[in-house]
Amino acid sequence: MKPRAGIIGPEDTVQLISEIAVEYRDRLQPVPFIYQNTDQAASIFQQNQQLVDFWILAGPALFIEIQKSGINQPFFLLQLDGASLTKTLVEIGYNDKKQLESVSIDMLSERDVYETYRDLRIASNHVHVHEYTNETPIENLLSFHQQLYREGKVELCITCLRSIFEQLCSQNIPTYRVTPTRSNIRETLSTAIQQWETIHFKQSQIAAILVKVQGMEKKDNHNMVSYDLHRLNLKIQAAVLHFAETISGSFVSIGTGIFLIFSTRGSLQKGKKPISFLLEELALISDFSANIGIGYGDTALTAEENARLALNHAQNYDSFSAFLVDNTGTIEGPLKEQESITYQYRTENKEISEKLKHCGITITTFNKILSVQQRMGNGSITANQISDWLKMTPRNARRILTGLVENGIADIIGEEAPTSKGRPRKIYRVNHF
């Protein structure tokens, strides 16, 4: 199924984009939306989000409007650059025979403007540029041109916004408008299609969710699972089945207290209830600890293997925790926490691998430490931080850090005073390789 691209902007730009979009008719279905001014854009986004899969924004001013709308859809901004400016300058200088040395230009970057002038061998000493950021009020761009023209500092104005173009023209100020080149539009459409296809492919990947409640394998004196455990298992099964229904998944019971759900990555990510909801529900049903492993893969086998690996990490972390392993082997977790860390469980660096073996530290533990250090935000880490995040004793954390220092993988960069009596705590920096 071809994605539907909502093309939004002023009439002339939308018509041009729609015309070029015909070249991509096998991979794209354009849906045009025309506005008179950018203030109308937010309501257009809100009212028509069900009709499109992603948006093509005809100008940078629309970035603020799509944020105002609150919609959660991919969007692609049509960029104006030096090539767009060159087209406008040719129109002014060649077609209309006007001077180009004394002008005001908005929205474009100074680098693009001055490089374009330099490439065209035009003096730019009296060229005034007002760059645009997402916080720039449109009114500021209008007054920028008006003031320079009234003070006689420029002979004409060049704007990237149709609304400003019309207002300046109505005041009899010589004004030209920068519009996107066909190459700008083709590049944006190609990027949008490629990224959409990548997103769509990811969402169609298989997701395997492995749920395990510990201790359910207990048996009574006759070596049989007790009736109480059977009843408990049915309650847990009902909770897991309900969650599977919310993500349109298929449900399989593979043992007492062990369940497997197959769905898609897109369904899981778009589900109304996060995986933490299922963990909380399991905690209310039983005193037994529960863990969840989520795996993504291009095949059911790969997804299930990744789910088992993720479950192993969850079990080693803490009770009632969930981890995820995606199709690239990246591990993320714990998912129930407000903040989680992301790390790899393998490395291709033979030098670091040998050093870690000498330390008695696994690749996974080392990458976890690096991820925690990155999350701290200051390029350093302490034994207590490792202890908190990786659920180990402070003594074990200090032993690991000492081993990393002795093997040249980490450095001691300072000390911090303890909150209570005791020796100062060492601050470490673990090196990236």
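**Briefing: helix pairs, cores and three residues**

Helix α15 (residues 383-390) packs against helix α16 (residues 394-406) at an angle of about 120°, and their axes are 8 Å apart. That angle makes α15 oblique to α16. Keep in mind that this is a predicted model. Below we take the two helix pairs, then the nonpolar cores, then a few single residues.

**α15 and α16**

- The crossing of this pair, α15 and α16, is right-handed.
- On the α15 side, the residues that meet α16 are Ala383, Asn384, Ile386 and Ser387.
- On the α16 side, you'll find Pro394, Ala397, Arg398 and Leu401 meeting α15.
- Sorted by class, the contact of α15 with α16 comes to 5 nonpolar, 2 polar and 1 charged residues.

**α9 and α11**

- Helix α9 (residues 227-246) and helix α11 (residues 275-285) have axes that come within 10 Å and cross at roughly 165°.
- With a crossing angle like that, α9 counts as roughly antiparallel to α11, because the cut-off for that label is over 145 degrees.
- The crossing of α9 past α11 is right-handed.
- From α9, the contact takes in Leu232, Lys235, Ile236, Ala239, Val240 and Phe243.
- From α11, the partners are Ile275, Leu278, Glu281, Leu282 and Ile285.
- Split by class, the contact of α9 with α11 has 9 nonpolar, no polar and 2 charged residues.

**The nonpolar cores**

- In soluble globular proteins, nonpolar side chains tend to be buried together.
- The largest nonpolar core here has 28 residues, and the members touching the most other members are Leu85, Ile105, Val113, Tyr117 and Ile158.
- Which elements give two or more residues to this core? They are the helices α4 (82-95), α5 (110-119), α6 (138-150) and α7 (162-170), along with the strands β5 (102-107), β6 (126-131) and β7 (156-159).
- Another core, of 27 residues, lies apart from the largest one, and its members include Met216, Ile236, Phe243 and Ala322.
- Two of those names should look familiar: Ile236 and Phe243 also sit in α9 and take part in its contact with α11.
- Back in the largest core, Tyr117 is in contact with Leu89, Leu100, Val103, Ile105, Ile122, Ala123, Ser124 and Val127, leaving aside its neighbours within four places in sequence.

**Leu161**

- Look for Leu161 in the loop between β7 and α7.
- Is Leu161 buried or exposed? Leu161 is buried, because its relative accessible area is 9% and the cut-off for buried is under 20%.
- Not counting residues up to four places away in sequence, Leu161 touches Ala61, Met107, Ile138, Leu141 and Arg177.
- Leu161 and Pro60 are 101 residues apart in sequence, yet their C-alpha atoms are 9.1 Å apart in space.

**Asp112**

- Asp112 belongs to helix α5, one of the elements that give two or more residues to the largest core.
- With a relative accessible area of 17%, Asp112 is buried.
- Apart from residues up to four places away in sequence, Asp112 touches Leu80, Asp81 and Gly82.

**His126**

- His126 is in strand β6.
- Leaving aside neighbours within four places in sequence, His126 is in contact with Glu101, Ser102, Val103 and Lys153.
- Val103 therefore turns up on the contact lists of both His126 and Tyr117, where contact means heavy atoms within 4.5 Å.
- His126 and Glu305 are 179 residues apart in sequence, and 65 Å apart in space from C-alpha to C-alpha.

Terms used:
Residues numbered from 1 in each chain as written. Predicted model: local features only at pLDDT ≥ 70, side-chain atom pairs only at ≥ 80, totals over all residues. Heavy atoms only, no water. Core = buried A, V, L, I, M, F, W, Y, C linked by side-chain atoms within 4.5 Å. Buried < 20%, exposed > 50% of the residue type's maximum accessible area, 1.4 Å probe, protein only. Helix = DSSP H or I, 4+ residues; strand = E, 2+ residues; numbered from the N terminus. Axes fitted to C-alpha atoms, helices over the stretch in contact; angles between N-to-C directions. Parallel < 35°, antiparallel > 145°, perpendicular 65-115°, else oblique. Left-handed = near helix turned anticlockwise from the far one by under 90°. Nonpolar A, V, L, I, M, F, W, Y, C, P; charged D, E, K, R; others polar.
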